[in-house]
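Work through these exercises with the sequence and the model open. Try each task before reading its solution.

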Amino acid sequence: MTDYLSRARAMAPEIAALREAVHREPELGNREFKTSARIEAYLRGLGIETERILDTAVVGRLRGGKPGRTAALRADMDALPLTEETGAAFASEVPGVMHACGHDVHVAAALGAARLLADRREELPGSVVFLFQPDEEGSGGAKRMIDAGALNGVDAVFGAHVSPDLPSGCVGVRYGKFYAASDMFTLTLSGRSCHGAEREKGVDALAAACELVPKLLALPERLGERSVVTVGTLRAGTAGNIVPGQAVMEGIIRTLGQDGRRRMRELLMETVMDTARAMGAEPSLELRESYPGVVNDDGMTALAEDAAKALLGPENVMVIDRPTMTTEDFGYFLLERPGSFYHIGAGCRLPLHNPAFLPDGDAPVTAAAVHAAVITAFLKANS
């Protein structure tokens with residue numbers, strides 16, 4: 001395994017050039033045409049078959065020299081609508097768009113892993129599928145890639161995200177529940193408008209909403225496990241002397257695992273119906289399902305942890321003891337296949353989605369080596 005690290009370090013200028021090229025020309029979700037073309041050209045140069053799906057998604061297939069199973073490696077490609085403030089020599093050349101979530105690192109690392117594995121293809125017992133995914137930051141490209149057949153023939157799937165919580169050269173793994181599922185909601189409370197001097201003749205939708213908000217924010221306590229409810233907007237009323245006949249609030253719930261997600265939805269609906277009707281208002285709740293969260297397979301996570309320790313040394317691999325309430329559409333892949341999603345140290349303490357976020361140059365090098373080691377470990381363990 002240590003050979004992958006030394007070889008990745010020898011490739012550092014090439015990996016850096018890939019990362020910097022992607023970073024200079026960031027593209028928003030479903031518009032990653034230049035990024036996709038760059039990926040295709042690089043993979044084909046390695047003798048890896050490529051297929052374009054969903055306009056910008058790229059699927060590459062590396063066939064090993066020996067029979068075996070198939071592992072997939074996913075990297076997301078899209079950027080964010082932010083104006084870059086890193087001051088980097090390779091800063092974004094696209095006004096108002098930048099890679100503030102590290103997807104440039106993810107692409108370069110996956111391409112680096114592709115070369116590391118392609119150089120050893122005759123020794124590989126099985127195949128590797130590379131999934132370059134659009135639109136992780138928007139409505140989600142993972143589910144659409146799956147629907148288009150990207151996981152056909154795949155036995156396990158792996159991926160990673162750079163993390164500002166880890167130092168450069170380190171890897172973090174998490175067993176079980178890792179990223180939160182998210183569901184957006186819109187709640188309309190209908191009452192009856194009336195003159196503010198004669199409140200008894202109306203039904204105050206705003207008062208019902210105000211009664212409801214603290215109860216919604218307290219739902220995580222009732223659920224009994226880590227979760228978040230946020231009410232982000234509340235709109236009601238047209239004048240100070242009119243009792244509002246309608247109030248509309250929008251928010252999001254975040255939960256861990258599919259059971260917690262189901263129970264939180266039930267609590268939300270129950271609380272809305274009971275409270276609104278007790279106040280005389282009629283509720284209409286629209287719940288929109290978003291990403292399912294990331295729940296890692298324990299066996300695949302143990303494999304990734306062992307491979308990373310063999311590569312980097314045990315002192316540079318840690319088990320993450322607390323799940324995050326952010327979300328990631330990699331979870332769709334894990335609903336279909338066993339696998340694991342891990343963190344790579346960014347070497348940058350600024351938070352994700354900050355206009356000055358800039359992982360250091362070692363992040364894609366470390367990630368490339370770790371990806372190659374994890375994929376190889378899976379193929380050898382299942383040959």
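The exercises below go through a predicted model, from a sheet and its strands to a pair of helices.

**Exercise 1. The open sheet**

Find the order of the eight strands in the open sheet, and say which strands stand at the edges.

*Solution.*
- Step 1. Trace the strands across the sheet. The order is 1-2-4-3-5-16-6-15.
- Step 2. Check the directions. The pairing is mixed.
- Step 3. Look at the ends of the order. Strand 1 and strand 15 (317–319) each have a single partner strand, so one side of each lacks a neighbour in the sheet.
- Step 4. Compare neighbouring strands. On average they are turned by 25° against each other, direction ignored.

**Exercise 2. Strand 2 and its partners**

Describe how strand 2 pairs with strand 1 and with strand 4. Then decide whether strand 2 is largely enclosed or not.

*Solution.*
- Step 1. Take strand 1 (49–53) and strand 2 (57–63). Five bridges link them in the antiparallel sense.
- Step 2. Pick a facing pair. Arg-61 of strand 2 has Glu-49 opposite.
- Step 3. Inspect the turn. This hairpin has three residues between the strands, and Leu-54 takes a positive phi near 55°.
- Step 4. Move to the other partner. Strand 4 (residues 125–133) pairs with strand 2 over six bridges, again antiparallel. Here Arg-63 faces Ser-127.
- Step 5. Consider burial. Buried means under 20% relative accessible area. Five of the seven residues of strand 2 are buried, so the rest of the structure largely encloses this strand.

**Exercise 3. A loop residue**

Is Thr-56 buried or exposed, and which residues does Thr-56 touch?

*Solution.*
- Step 1. Locate Thr-56. The residue sits in the loop between strand 1 and strand 2.
- Step 2. Apply the cut-off. The relative accessible area of Thr-56 is 0%, so Thr-56 is buried.
- Step 3. List the contacts, leaving out residues up to four places away in sequence. They are Asn-30, Arg-31, Glu-32, Phe-33, Ser-36, Met-77 and Pro-134.

**Exercise 4. Helices on the sheet**

Which strands do helix 3 and helix 9 touch?

*Solution.*
- Step 1. Begin with a strand pair. Strand 6 (residues 171–173) and strand 16 (residues 339–345) run antiparallel, joined by two bridges. Gly-172 has His-343 in strand 16 as its bridge partner.
- Step 2. Add helix 3 (residues 33–45). It packs on the sheet and touches strand 1, strand 2 and strand 4. The direction of helix 3 makes about 160° with that of strand 1.
- Step 3. Add helix 9 (residues 298–312). It also packs on the sheet, touching strand 5 (156–163), strand 6, strand 15 and strand 16. The direction of helix 9 makes about 150° with that of strand 15.

**Exercise 5. A helix pair**

Work out how helix 6 and helix 8 are oriented, and name the residues in contact.

*Solution.*
- Step 1. Read the geometry. Helix 6 (residues 205–217) and helix 8 (residues 257–278) pack at about 155°, with axes 10 Å apart.
- Step 2. Classify the angle. Values over 145 degrees count as roughly antiparallel. Helix 6 and helix 8 are therefore roughly antiparallel.
- Step 3. Note the handedness. The crossing is right-handed.
- Step 4. Name the contact residues. Helix 6 supplies Glu-211, Leu-212, Lys-215 and Leu-216; helix 8 supplies Leu-268, Thr-271, Val-272 and Thr-275.
- Step 5. Sort them. Four are nonpolar, two polar and two charged.
- Step 6. Turn to Pro-214, also in helix 6. At 47% relative accessibility, Pro-214 is partly exposed. Its C-alpha atom lies 9.5 Å from that of Val-231, 17 residues apart along the chain.

Definitions and conventions
Residues are numbered from 1 along each chain as its sequence is written. This is a predicted model: local features need pLDDT of at least 70, side-chain atom pairs count only at pLDDT 80 or more; totals for chains, interfaces and linings use all residues. Side-chain values use heavy atoms; hydrogens and water are left out. Helices (H or I, at least four residues) and strands (E, at least two) are DSSP runs, numbered from the N terminus. Buried means under 20% relative accessible area, exposed over 50%, partly exposed in between (1.4 Å probe, protein chains only). Contact means heavy atoms within 4.5 Å. Two strands pair if DSSP finds at least two bridges between them. Axes are lines fitted to C-alpha atoms, for helices over the stretch in contact, and angles run from 0 to 180 degrees between N-to-C directions. Angles under 35 degrees count as roughly parallel, over 145 as roughly antiparallel, 65 to 115 as roughly perpendicular and the rest as oblique. A crossing is left-handed if the near helix is turned anticlockwise from the far one by less than a right angle, and right-handed if clockwise. Ala, Val, Leu, Ile, Met, Phe, Trp, Tyr, Cys and Pro count as nonpolar, Asp, Glu, Lys and Arg as charged, and the others, Gly among them, as polar.
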